[in-house]
Amino acid sequence: MTTTPPPPVTEPPAPSALADAGNGAATLPQWRLMLRRFLKNRLAVASSVVLVVLYVCAILAPFLSPNPYDQQNVDLKNASPTAVIWSGGPAICSREQQLDTETFTYEYRSDCSKPVPLRFFGKGYEYKLFGLIPTDRHLVTVDKPHTLLIWGADSAGRDVFARSMQGARVSLTIGLLGVAVGTFLGATIGTISGYFRGAVDTLLQRFIELLMSLPTLPLWLALAAILPQDMSVTSRYFLITLILSLVGWASLARQIRGKVMSYAASDYVAAARIAGSSSARIVFRHLIPNASSHIVATAMLAVPATIIAETSLSFLGVGMLPPAVSWGVLLSDAQNVATVQQYPWLLIPAALVVLAVTCFQLIGDGLRDAVDPYG
Amino acid sequence: MLIVVARRAVYMIVTLAVVSVLSFAIIAAPPGSALSQKISQLQSQGGEVTEAQIAALKEQYGVDESWFTQYGKWISGFWHGDFGFSFTLNEPVGSLIWSRLGLSLLLSIGALLIAWGLSIPLGVYSATHRRSLPDNVITVIQFVGVAIPEFLFALVVMTLAANYLGADVGGLFSSQYENAPWSWAKFTDLLEHLWIPLVVIAAGSTAWLTRVMRANLLDVLNNQYVQTARAKGVSERKVIWKHAVRNSLHPLVMTFGTTFPVLISGEAIVSIVLNLPTIGPLLVNSLLNKDMYVAGTILLMLSALLVIGNFVADLLLTVIDPRIRVGE
């Protein structure tokens, strides 16, 4: 087993040589077949486009937002979304706040006779684009002292649109990162378990069964709740990611183990072993590349649950905590029926959650169908 | 068969023992529990009586001793139904959790029955009428149903019910029945409150199980014995329900083990939103207050439910599928 590996006789031919050979499916490399399959699935392709748009929005969050996401404004508490009218170009009605002396609640009056025009690429607050380029240009702005609130404001008068875009940064990455860590753990442990069998396999499988017999959400809650409340946003972000992946890797490891077991019994693995390949070489050169498409598809299907988990934990006040902004944190403002009835725009981030999760789901389905291109 | 059951039972007990250590470790790990807060509160009061109280508390829960002694003291109380004490609610854990656990179980099992009751016919219809309009509608609803987080769905259904049905949502009873003795009116009032959580908890699983059922049935319908049955002239209705559906049911029973944890998690979060006195809100509060004995007991109880659920699923499977019995 320790001899030098033999020359790679089974090296696949260069993909480009085959790709030019024509349209016959038999001569295309496997990844091209997969891509072809995937592109045929219109829902999956459309979902990919939507997700790309969402990620671009998250990256360009400060450019798209007319107001800073963390700017509080006492005069705009729970302000409803600004209505956009047409007055020689898109414009908004000027708005005044009045205290209702009978109920002591603030009321807003729109005065559409004095429209305030929207300015595209106008100047607003300063920020750094991509965290590097200092600028103060925004997609849409209005002249001061007016405020453009595309999706209304929350109970502290903060712009819900700006917060949703900013929150996308956490919500759209924490799921992916959590699944990535979980996939790494799951793939490694699943491969070891499936390849070596015997006592190692039994031990790992019992451990996985144990982990899977714990109810997921309560376990997540327990792990998240023991994090100190006063830690920095960044370290909390990474620890929550870790917690999400700690629970998720088990089922991934299971599925990958099954795949690896079936591959490990195949002839080419036996051939490689006879040719003197080490275990590490067989695992990394033959088994993992072969299982990789399945790993990707399974991982994709795990993303929705992870995003929902982060949102749920933050909603319950144990996941991400203010001042961090994520979709779950935003939704925790809408905890009861009375709030939702009065200020329905606080639920807009929920629509984003559902949109993102559905897209990931459809892409995962598309990938799962595509990874078996000969089927 | 008996040996299999015995082996599974032993394995179940071992799992629960490990789970109990794990859940205790998770909860005892962070410094500053509700117990230590209670002790420091007593210390600040001073006096001889409180000194004795502190000593008794430390002795009873092994505060200054090793982690393992604390665990031992906690777990040995289980034999006579002593699960520890809640230091934030000033009540023994046992009396806190039983009624809540019952309601949690009622909701989860009710939701499971709804999910199965709906997903089997829907899945069968969807599979036998592929690519028809209803099939497409069901597929779309499935995707959205899986994508909506439970707490969100609960909020939306609650708001709609409050707006359009004038329903009094949240809680278990309307205020006038809260403390009233049991009566028919109180019972119907309870049902009026329970349908929202049941529907919400069942929704996600129904969507998912319908997908599983549809895929299973499509697989089975491709089998040759189905073709043979059709060729023999068996009516289509009989082919589907007697030959195909029966064979596609058993993956559904197998998923009992995975559906049940989902339902319990869903129940926990929905109850928090709907303000129901179940195990979920109690767990979250006890975790936030570091009320370790409450949280630990709940985690252990929920895991026990799951392990038992899996055990039941395995037994059910051997009952409905003779091949498994022979295989053993």
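1. How much area does chain B expose, and what share of it do carbon and sulfur atoms supply? Chain B exposes about 16,300 Å², and carbon and sulfur atoms supply 64% of this area, where accessible areas come from the Shrake-Rupley method with a 1.4 Å probe.

2. This is a predicted model, in which local features need pLDDT of at least 70 and side-chain atom pairs count only at pLDDT 80 or more, while totals for chains, interfaces and linings use all residues. Residues are numbered from 1 along each chain as its sequence is written, and side-chain values use heavy atoms, with hydrogens and water left out.

3. Chain B has 15 helices and two strands, taken as DSSP runs (H or I, at least four residues, for helices; E, at least two, for strands). Of its 328 residues, 46% count as buried, that is, under 20% relative accessible area with a 1.4 Å probe and protein chains only.

4. Turning to the interface, 37 residues of chain B are in contact with 40 residues of chain A, contact being heavy atoms within 4.5 Å. The area buried between chain B and chain A is about 3,400 Å², with 79% given by carbon and sulfur atoms; this is the accessible area (1.4 Å probe) that two parts lose on being put together, summed over both.

5. The rule finds one salt bridge across the interface of chain B and chain A, taking a side-chain nitrogen of Lys or Arg within 4 Å of a carboxyl oxygen of Asp or Glu. The side chains of B:Arg211 and A:Asp365 meet in a salt bridge at 3.1 Å, N to O.

Methods
Chains are lettered from A and ligands numbered from 1 in the order in which they are written. Buried means under 20% relative accessible area, exposed over 50%, partly exposed in between (1.4 Å probe, protein chains only).
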